[in-house]
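Me: Got a minute to go through this one with me? I'd like the covalent links, the charge pairs and any odd backbone spots.

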Amino acid sequence: MKTARVKLWLGAGGLGLLALGVGVFLWLNTPRPLSPESPAIPTTTNLSASPATTAVVDSPVAAIVSPPLPPIDYPPGSVGHACGVNEFPPRVGYYDLDAETRRSLKNSLFDSNGDWKELEDECQAALDNQLNTTNPYLWFDNNKNRQFAFVVIDKPLTFARLFADPVGDLARVQDALTRPECQLGENAESNWQLHDTCHADALLNYALITRFCYNDGVRNRERQYYWEEDNPTPAQDRQMWIQTLEDAWVDLQCESLDPTLNLQSEVHTELRAQLRTLYPAAPKRDLDGILIELAARLGDDAAALTKTVFRPYDKIYSDEGYKHGRFADWFTNLFEPTKLFTKHPPSVDRLRQILPLFSKNIGAGGGSFMVIDHEALVQHLCTPPYYTSRWVDEDTVPDPPSCREIVNELRLQINNNRVMLEVIATFEDVAMRLDVYE
């Protein structure tokens with residue numbers, strides 16, 4: 001049986017490093033924008049709020065155009081289970097229908113006014129539970145920033161952290177930028193000891209509030225899309241609905257914020273000028289990225305794990321905190337982690353890249369050590385689905401070997417190296433405990 005693999009489709013804007021022609025191709029293949037009367041993201045102020053009461057003439061419910069999909073066994077408490085995603089119409093082909101038909105379909109997400117139908121408390125709670133514990137970077141770019149999954153830090157980056165106190169975070173950012181010691185510009189040395197004094201965590205929080213709530217961050221999210229010719233599985237089809245629910249949750253959190261938090265508002269003219277003065281060599285760079293880099297220089301560990309360059313349209317999301325935080329050596333010299341972040345199938349070369357992370361006392365910089373999540377690393381290497389380019393015929397890709405096979409092959413190559421054997425044994429123990437070794 002073929003191992004399931006993920007086919008990635010780019011979200012709005014595409015990847016910044018692709019040529020313009022490819023970007024246009026992807027744009028043309030992105031689902032068409034919806035008309036205002038049937039938005040993809042709800043315009044209500046609360047997902048569970050009832051739509052506005054308007055007199056509507058009853059009309060017969062149209063038959064579902066596509067046959068219902070076989071149900072998915074979603075675990076209790078999950079968004080799929082709590083929100084009844086099995087009852088949604090098929091996502092593939094849904095937006096090719098006219099707006100009136102979409103609204104009248106049995107189990108449509110939208111009512112006759114084009115608003116979200118009322119959601120049960122259980123669905124709202126499931127979205128809260130899932131997204132409040134989700135890392136915004138892993139959510140935003142389809143899990144490419146997997147360093148966040150591998151490195152354990154004291155203050156993990158989650159949506160709950162971002163939305164906990166945005167007003168207070170802005171005040172702390174303004175306070176930090178009044179202090180000369182906190183104004184570390186492009187050529188300044190990092191000073192991780194200033195983390196608390198200069199409110200480094202607030203700098204990162206406010207940067208991402210700026211991105212997601214005022215800088216089209218949700219729209220530029222990289223998603224998984226499938227078309228009819230892809231013949232998606234029922235789970236893949238419904239995952240697109242779950243993505244829509246997630247987008248709505250983030251949007252509605254943003255709608256509840258004070259508009260004066262917007263970094264582009266007139267009240268923050270001086271703050272914007274100050275950030276540009278600190279980083280004059282990057283005139284086109286997004287201000288969120290500047291704040292993130294400053295947070296890394298001042299010792300926020302989550303900011304120090306950021307490594308992404310994304311250019312949607314005329315904007316540049318360039319988060320390079322990894323160059324300035326205490327994990328810089330890990331990114332640039334020691335383990336070449338960028339090569340292992342993509343979820344490729346198991347191989348001996350991949351195992352050799354990962355095994356050093358099972359050693360003890362891995363230096364993080366500044367005399368400190370990294371704490372590595374070994375379970376996340378083993379799951380990353382040993383469990384499908386694995387990445388497959390959309391230009392590759394999956395039927396031509398052989399089934400990947402098991403982790404047991406590649407461990408046995410590596411043992412034959414290391415000539416009884418005692419240190420390597422100990423590290424392999426640690427990896428092996430974790431894989432067997434997680435039941436992903438075979």
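Reply: Sure. One term before we start: helices (H or I, at least four residues) and strands (E, at least two) are DSSP runs, numbered from the N terminus. With that in hand, Pro385 sits in the loop between helix H16 (374-382) and strand S8 (386-388). Keep in mind that this is a predicted model.

Me: OK, and what joins Pro384 and Pro385?
Reply: A cis peptide bond, with omega at about 5°.

Me: Which non-glycine residue has a positive phi of about 60°?
Reply: Asp216 has one. Asp216 is in the loop between H9 and H10, and its relative accessible area of 43% makes it partly exposed. Asn416 is another case, with a positive phi near 60° in a residue other than glycine.

Me: Where's Asn416, then?
Reply: In the loop between H17 and H18. Asn416 counts as exposed because its relative accessibility is 68%.

Me: Switching to cysteines. How many disulfides does the structure hold?
Reply: There are 4. Numbered in sequence order, the bonded cysteines of the chain pair up as 1-2, 3-4, 5-6, 7-8.

Me: What's the geometry for Cys83 and Cys123?
Reply: The link is right-handed, with 90° about the S-S bond. Cys83 is in the loop between helix H2 (79-82) and H3, while Cys123 is in helix H4, so the disulfide links distant parts of the chain, 40 residues apart. The S to S distance for this pair is 1.9 Å.

Me: Are those two buried or exposed?
Reply: Cys83 is buried, and Cys123 is too.

Me: And which cysteine is joined to Cys182?
Reply: Cys198, with an S to S distance of 1.9 Å. The torsion about their S-S bond is about -80°, so that disulfide is left-handed. Cys182 lies in the loop between helix H8 (166-176) and helix H9 (200-214), and Cys198 is in the loop between H8 and H9 as well, so the pair ties together parts 16 residues apart in sequence. Both Cys182 and Cys198 are buried.

Me: How about Cys213 and Cys254, what's the handedness there?
Reply: Left-handed, with -70° about the S-S bond. This pair also links distant parts of the chain: Cys213 is in helix H9 and Cys254 in helix H10 (residues 234-255), 41 residues apart. Their sulfur atoms are 2.0 Å apart. Cys213 is buried at a relative accessible area of 16%, and Cys254 counts as buried at 9%.

Me: Now charges. How many salt bridges does the count come to?
Reply: The count comes to 19 salt bridges. One of them pairs Arg326 with Asp301, whose closest N and O atoms are 2.8 Å apart. Arg326 is in the loop between strand S4 (317-319) and helix H13 (328-334) and Asp301 is in the loop between helix H12 (287-297) and strand S3 (308-310), so the bridge ties together parts 25 residues apart in sequence.

Me: Is that pair buried or exposed?
Reply: Buried, both Arg326 and Asp301.

Me: Which residue does Arg404 form a salt bridge with?
Reply: Glu438, with the closest N and O atoms 2.6 Å apart. Arg404 belongs to helix H17 (residues 403-413) and Glu438 to the segment after helix H18 (418-433), so the pair ties together parts that are 34 residues apart in sequence. Arg404 counts as partly exposed at 31% relative accessibility, and Glu438 as exposed at 64%.

Me: What does Glu428 pair with?
Reply: Arg411, through a salt bridge whose closest N and O atoms are 2.8 Å apart. Glu428 is in helix H18 and Arg411 in helix H17, 17 residues apart, so to speak two distant parts of the chain linked by the pair. Glu428 is buried, with a relative accessible area of 13%, whereas Arg411 counts as partly exposed at 29%.

Me: Which residues are linked in a network of salt bridges?
Reply: Arg211, Asp286, Asp288 and Asp319.

Me: Last one: which residues form the negative surface patch?
Reply: Glu118, Glu120, Asp121 and Glu122. Of these, Glu120 lies in the loop between helix H3 (99-104) and helix H4 (121-132). Glu120 counts as exposed because its relative accessibility is 60%.

Note on methods. Residues are numbered from 1 along each chain as its sequence is written. This is a predicted model: local features need pLDDT of at least 70, side-chain atom pairs count only at pLDDT 80 or more; totals for chains, interfaces and linings use all residues. Side-chain values use heavy atoms; hydrogens and water are left out. Patches are made of residues with over 30% relative accessible area and no salt bridge: like charges are joined within 9 Å, nonpolar side chains (Val, Leu, Ile, Met, Phe, Trp, Tyr) within 5 Å. Accessible areas come from the Shrake-Rupley method with a 1.4 Å probe; for residues, only the protein chains shown count as cover. A salt bridge is a side-chain nitrogen of Lys or Arg within 4 Å of a carboxyl oxygen of Asp or Glu. Lys and Arg count as positive and Asp and Glu as negative; His and the chain ends are not counted. The place of a charge is taken as NZ of Lys, CZ of Arg, CG of Asp or CD of Glu. Buried means under 20% relative accessible area, exposed over 50%, partly exposed in between (1.4 Å probe, protein chains only). A disulfide is a pair of cysteine sulfur atoms within 2.5 Å.
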